[in-house]
Amino acid sequence: MIEKAVKGQFGYLAAKRKLVLIRTIIFFAVPLSLLAAGIISTGSRRNLLTIVAVLGCLPACKSLVSLILYVRARGCGDEAHGILQASGGSLEGMYDMYFTSYRQNFAISHMVSAGKNLCGFTEDPKCGAKACEEHLTAMLRQGGCKEITLKIFTDLDKYCERLRQLNRLCEESGAGPDDGVIAVLYDISL
């Protein structure tokens, strides 16, 4: 059975990939069966069911594009997930975040928001941390979130140390996650 895909939870991209795969297969099966039914019933492909089948390919192709994106997107690995679970403390983590831009896509394995601090970790060597920071900062500004300190880490040990620092900061100041920032991040991620 396929589990429900909830954005921000560990395994979201893998579960969503399965759902979109099944949806794409169904979306292509319907027009193909209509085309076959039209050809069988009339003996020719020149019939009304052929037109309906061709139009039915539009949502199927849209679903195929989504499938390609989900296949390319990689989430947090099991090993990193175990380490992050131990280091996260009381911070709520967002797993499997995948951001797209015109120039580059950014696979962020884990992110946390603590007050005006936002930091993330990527396992993807192709993910340009600086470019990701610039893109997310611009998108957060457009979403009305200003004065956010954002850092993307490529080293898991340094990221875990930053998580421990943010935990201490939250305990001392009582700051929690910024719901506005989290809402913008969920809106712009895959």
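**Notes on the hairpin and the helix pair**

1. Strand 1 (residues 93-100) has six of its eight residues buried, so the rest of the structure largely encloses this strand. Keep in mind as you look that this is a predicted model.

2. What does strand 1 pair with? Its partner is strand 2 (residues 105-114), running antiparallel to strand 1 and joined to it by seven bridges. The two strands make a hairpin, with four residues between them. If you want one pair to click on, take G93, whose bridge partner in strand 2 is V112. A general reminder for looking at the strands: side chains in a regular strand alternate between the two faces of the sheet.

3. Now the helices. Helix 1 (residues 12-42) and helix 2 have axes that come within 8 Å and cross at roughly 165 degrees. Since angles over 145 degrees count as roughly antiparallel, helix 1 is therefore roughly antiparallel to helix 2. The crossing of helix 1 past helix 2 is left-handed. Sorted by class, the residues in the contact of helix 1 with helix 2 are 21 nonpolar, six polar and three charged.

4. One residue to check on helix 2 (residues 48-72) is K62, which sits in that helix. Is K62 buried or exposed? K62 has a relative accessible area of 61%, and the cut-off for exposed is over 50%, so K62 counts as exposed. For a sense of distance, try K62 and G77: they are 15 residues apart in sequence, and their C-alpha atoms are 28 Å apart in space.

How values were computed: Residues numbered from 1 in each chain as written. Predicted model: local features only at pLDDT ≥ 70, side-chain atom pairs only at ≥ 80, totals over all residues. Heavy atoms only, no water. Buried < 20%, exposed > 50% of the residue type's maximum accessible area, 1.4 Å probe, protein only. Pairing = 2+ DSSP bridges. Axes fitted to C-alpha atoms, helices over the stretch in contact; angles between N-to-C directions. Parallel < 35°, antiparallel > 145°, perpendicular 65-115°, else oblique. Left-handed = near helix turned anticlockwise from the far one by under 90°. Nonpolar A, V, L, I, M, F, W, Y, C, P; charged D, E, K, R; others polar.
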